[in-house]
Amino acid sequence: MLLYRRGDPLAGLIRTVPVLLRSWASQAWMASRAQTRCSCRVRRVGVDVRLGRLDRVVRVDTSDYSVDPRAIGARVDVAADLDTVRVRHAGRLVAEHPRRWARSMTVTDPAHVATAAALRHDYQHPTPAAPEGDAMVRDLADYDRAFGLGEVSQP
């Protein structure tokens, strides 16, 4: 280990060289990254995901993106490039979001929230069934005649 005395001209140089090297390395890395990001448009196509029974989001990297609630429980195809995340169900686009690069983001489309609320309301408040008195009643002998079983004696 080298110890430098106060006033030694090399002492200041030893402290500044690593700072200069770090600065140069970070600038070179940033330039390389910018060049790589512009030239390659990576697209992951055909990622097949089954949405869970209660899931209305798909996860790409570390961020969650909302999906139309009518696709819950179905298989969906997720395609993500550097700018956009698209989700398709049976060839129909069910979600399209701008890509978020921050960690643990949740991106929600207001239309998906409204659809989920409408479906939840319909489930919680079902339409009442028709009353029993209005049900159609048919004599069983009509079925016997329709299927050629002949006359059936009435008791």
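Phe-147 is exposed in this predicted model. Its relative accessible area is 65%. The cut-off for an exposed residue is over 50%, so Phe-147 falls in that class. Phe-147 sits in the segment after α3, a helix that spans residues 140-146.

Phe-147 also takes part in a nonpolar patch on the surface. The other members of this patch are Leu-140, Tyr-143 and Leu-149. Together, the four residues make a patch of about 500 Å².

The interior was examined next. The largest nonpolar core contains 13 residues. Within this core, Val-58, Val-78 and Val-87 have the most contacts. Four elements each supply two or more residues to the core: β2 (57-60), β4 (75-80), β5 (84-89) and β6 (92-98). The largest share comes from β4, which gives three residues.

Ser-63 offers a polar case. This residue belongs to strand β3, which covers residues 63-66. Its relative accessibility is 1%. Buried means under 20%, so Ser-63 counts as buried. The side chain of Ser-63 reaches the backbone oxygen of Ala-102, at 3.1 Å. Leaving aside residues up to four places away in sequence, Ser-63 touches Val-58, Arg-100, Ala-102, Ser-104 and Met-105. Ala-102 is thus both a contact of Ser-63 and the residue whose backbone oxygen the Ser-63 side chain reaches. Val-58, another contact of Ser-63, is one of the residues with the most contacts inside the largest nonpolar core.

How values were computed:
Residues are numbered from 1 along each chain as its sequence is written. This is a predicted model: local features need pLDDT of at least 70, side-chain atom pairs count only at pLDDT 80 or more; totals for chains, interfaces and linings use all residues. Side-chain values use heavy atoms; hydrogens and water are left out. Patches are made of residues with over 30% relative accessible area and no salt bridge: like charges are joined within 9 Å, nonpolar side chains (Val, Leu, Ile, Met, Phe, Trp, Tyr) within 5 Å. Accessible areas come from the Shrake-Rupley method with a 1.4 Å probe; for residues, only the protein chains shown count as cover. A salt bridge is a side-chain nitrogen of Lys or Arg within 4 Å of a carboxyl oxygen of Asp or Glu. Buried means under 20% relative accessible area, exposed over 50%, partly exposed in between (1.4 Å probe, protein chains only). A nonpolar core is a set of buried Ala, Val, Leu, Ile, Met, Phe, Trp, Tyr and Cys residues joined through side-chain atoms within 4.5 Å. A polar contact is a pair of N or O atoms within 3.5 Å; within protein, one must be able to donate a hydrogen and the other to accept it, and residues adjacent in sequence count only if both atoms are side-chain atoms. Contact means heavy atoms within 4.5 Å.
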